[in-house]
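The exercises below concern charged side chains and how they pair. Work through each task with the structure open before reading its solution.

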2 protein chains.
Amino acid sequence: MQRSLINDILNQGTAGQTVQIGGWLRTRRDSRGGFSFLEISDGSCIHTLQVVVDASLENYENEILKLKTGAALIVEGTLKNSEGKGQRLEMQAGSVMQTGVSSDEFPIQKKRHSFEHLRTMQHLRPRTNTIAAVLRVRSKLSHAIHSFFQQRSFHYIQTPIITASDCEGAGHLFQVTTLPPGSQRQPDADFFGLPTYLTVSGQLEGEACALALGQIYTFGPTFRAENSNTSRHLAEFWMVEPEVAFARLDQNAALAEDFLKAVTSSLLASCADDLAFFNQRIDSGVLERLHNLVEQPFERITYSEAVQILELADIRFEFPVKWGSDLQSEHERYLCETHFGGPVIVTDYPKEIKSFYMRLNDDDKTVAAMDVLAPGIGEIIGGSEREERLDVLSSRMQASGLDPEEYSWYLDLRRYGSAPHSGFGLGLDRFVQYITGMENIRDVSAFPRTPRHARVHSAVPGDQLRS
Amino acid sequence: MQRSLINDILNQGTAGQTVQIGGWLRTRRDSRGGFSFLEISDGSCIHTLQVVVDASLENYENEILKLKTGAALIVEGTLKNSEGKGQRLEMQAGSVMQTGVSSDEFPIQKKRHSFEHLRTMQHLRPRTNTIAAVLRVRSKLSHAIHSFFQQRSFHYIQTPIITASDCEGAGHLFQVTTLPPGSQRQPDADFFGLPTYLTVSGQLEGEACALALGQIYTFGPTFRAENSNTSRHLAEFWMVEPEVAFARLDQNAALAEDFLKAVTSSLLASCADDLAFFNQRIDSGVLERLHNLVEQPFERITYSEAVQILELADIRFEFPVKWGSDLQSEHERYLCETHFGGPVIVTDYPKEIKSFYMRLNDDDKTVAAMDVLAPGIGEIIGGSEREERLDVLSSRMQASGLDPEEYSWYLDLRRYGSAPHSGFGLGLDRFVQYITGMENIRDVSAFPRTPRHARVHSAVPGDQLRS
């Protein structure tokens, strides 16, 4: 018999149907009346299926009464309407077979474990309700992202992970090498014949593709070797980066707003049960926040207007507000949470605090950058119109201390058939954090990578975290 | 005015409609009658749009007559029925504006360049018909892969790229480090406090997730530091790896067949024009091969049966056929191309030539492995049922010289709630090669990484390749 998923059974099953499921035992309750209740989870949804097992089953005494939490079971039986509250349907078991017998006690029992403790068992924690729900939401979100861009005729480009160039001139790079550790040999002896790194962004390569294919997006892993032990930093995280030829900043901002609304709206439909779980157990503001994101039009203001608002604010900020300084998290959150009460797109930042590739505005002081700020998180998207004028880009690079020779291919994109173009980046992990309300980013990645943590299973629960 | 994509115009446009496009000039022909024809490509499809420009346009003499191949243009105009053959519609220009003026000659002119030469300009080659078509097919294929699994309620898991374990005990790993080159410092001083590598497969972590969420797939970059200069090897390539709890080998084989048929069928519909281009220009067998893949049921034979067939074959192989030796490419292709004339799934290989994690069969000689062989390429998918018995897995690991301590988390999956499970892997790049008929795998990746090649733009065209 073909196995059915519990999610399909609960949504589409009918009483009287015979089905087979495969899953893991969450709890067993034995009734004095000569039967047992098994709660079984198969990972297809947040719900378990209740299975009623009569003592008449031949392995009832010897096996079923000895089943432990965590056991893997294949169960066949008949669906019937549930008399208790909770699920609509339950199963009357015809057979219950355990597929792997273990003498050891399953390390994750019904009692609640701290997320910190669960992080030492990354191979087993997907069997908990919360981590499983996170991974389902992350999966559905990833697909909603692909679907959004594909429906709009964007081409998905897999930009390189190993790269010889360093996107933003920032440090914090992981080196990639085949030279033996401690080797005195020169880069010429290395696999690629030159120093190579893990990418921090696919943007520059994405621009090359947008200036050929029109509209593209990247979606892949990116890396930062920052020694940041916070609840918001990972050394390895996934990023989505669309890039659109001929698009100016205003179209870029419109795309970012459409994008956030569409994927959030899609999730509210496809992950209703999991999101209700997060709203009930993790963060009671989750659903309201997501509905707001979908329904409220995003405000748009310039950086200079933002500074004016912040200067007039009746609040004492930790960091002073001054035209020319970058907005801090407290400023961003004041703008979207207190002042506007909804998402805000801030544009046209001072050129000194933004990257060399952002298009210089006519005032010669600001660049066509944009940050999308959302209540509860602050900056969620950063983007810009890119500098498409060869001479301006060259001097901005020199002013930033970059070697134009090293970026000659990037300048070529302005030498030949240059066109206005814009794009933005969204960090997947932070967005999952925002959607689920999970406090620590290490709990929204299946196998998080942070300073001194690259093992699936470790004895040490984790570092002291700065928030 | 909002820009339209040429693909949408050609498919859905109507004569009389006013539209704006943004794209790149492929050719300009000037008629003595006082007008010019511009062929413009915007990357949305393989086709160009023909634009008719009258001399009456105010910038006709000064700008339009000087436009060069590769120029980026924004053109507004009215669609009209085309009188020539070719496209159904053409555009009568109302305005033509060049967005970036360049004095240099665009390096990729209309004349054909060798793919080898184009590889030295990875930032510009997406502007050629062939590479653009490859990237569109790759994008649509990637989305078809996601859609296949999502529709079947598989969860997409992003397995780690940086890893402390080495999936198959194979060498060929890239090291990831933040220690300065030549540093004598110990791994303890490194970012993760231990030696780390780029992943060669997400399978082991995928198994951990399948044994919690039921059915999952990974889809991400994987790496091999092999010094292989062939037309089939990349140091960085994308892999799809589904993993299904409670599935035995036969269900795994059925999934692989369904998967290949479904995504190929989806591509035949969504990439008809690009595939027709490949069939016409690159490999005249492309369409027939893809239709065969969709329509023919896959044969299933055991390795032992395959060896018998090969031993009886009326052909002299370069490598001898002998039970216990791995099948060579020539053997695989004989089976699917000559003997069966269609795809074949070969199962139950000798345990000595397969990985430690594959489930030992009752004969104690073979394992529940499977390779899917397809005409024109040989092995396209490799997979297996995984060993779910703790004692058998432990001894297989020891026999393979692996340290069970290092894999204790992987053994945990058998200690707690172990269940039968199966999965397979498909290399995206080789599949794109198969679909498009492109001879060299370096031409199906946007930014290929191979020994001594990690630069976007290089002076050296490439190595001598072994096939």
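**Exercise 1.** Determine whether Lys261(A) and Glu257(A) are buried or exposed, and describe how the two side chains are related.

*Solution.* The model is a predicted one, and the work begins with accessibility: Lys261(A) is buried, and Glu257(A) is buried as well. Next comes the distance, for the closest N and O atoms of Lys261(A) and Glu257(A) are 3.7 Å apart, which is within the 4 Å that a salt bridge allows. Finally, the positions in the chain can be compared: both residues belong to helix α5 (residues 249-270) of chain A, where they sit four residues apart, about one turn of the helix.

**Exercise 2.** Classify Asp412(A) and Arg415(A) by accessibility, and locate the salt bridge between them.

*Solution.* Start with the pairing itself, in which the side chains of Asp412(A) and Arg415(A) form a salt bridge with an N to O distance of 2.5 Å. Both residues are found in helix α11 (residues 408-415) of chain A, three residues apart, about one turn of the helix. For the classification, Asp412(A) has a relative accessible area of 6% and is therefore buried, because buried means under 20%. Arg415(A), at 23% relative accessibility, counts as partly exposed.

**Exercise 3.** Which parts of chain B does the pair Arg125(B) and Asp443(B) tie together?

*Solution.* First establish the contact: Arg125(B) and Asp443(B) form a salt bridge, with their closest N and O atoms 3.2 Å apart. Arg125(B) lies in the loop between α2 (115-118) and α3 (129-151) of chain B, whereas Asp443(B) lies in the segment after α12 (428-436) of chain B, so the pair joins parts that are 318 residues apart in sequence. As a last step, note that Arg125(B) and Asp443(B) are both buried.

**Exercise 4.** Describe the surroundings of Lys354(B), beginning with where it lies in chain B.

*Solution.* Lys354(B) is located in the loop between β13 (344-350) and β14 (366-374) of chain B. Its relative accessibility is 18%, so Lys354(B) counts as buried. Turning to its partners, and leaving aside neighbours within four places in sequence, Lys354(B) is in contact with Tyr349(B), Val367(B), Ala369(B), Asp371(B) and Arg396(B). With Asp371(B), the side chain of Lys354(B) makes a side-chain polar contact at 3.4 Å.

**Exercise 5.** Which residues are linked with Arg248(A) in a network of salt bridges, and how many salt bridges are counted over all chains?

*Solution.* The network that includes Arg248(A) also links Arg359(A), Glu385(A) and Glu388(A). Over all chains, the count comes to 38 salt bridges.

Conventions. Residues are numbered from 1 along each chain as its sequence is written. Chains are lettered from A and ligands numbered from 1 in the order in which they are written. This is a predicted model: local features need pLDDT of at least 70, side-chain atom pairs count only at pLDDT 80 or more; totals for chains, interfaces and linings use all residues. Side-chain values use heavy atoms; hydrogens and water are left out. Helices (H or I, at least four residues) and strands (E, at least two) are DSSP runs, numbered from the N terminus. Buried means under 20% relative accessible area, exposed over 50%, partly exposed in between (1.4 Å probe, protein chains only). A polar contact is a pair of N or O atoms within 3.5 Å; within protein, one must be able to donate a hydrogen and the other to accept it, and residues adjacent in sequence count only if both atoms are side-chain atoms. Contact means heavy atoms within 4.5 Å.
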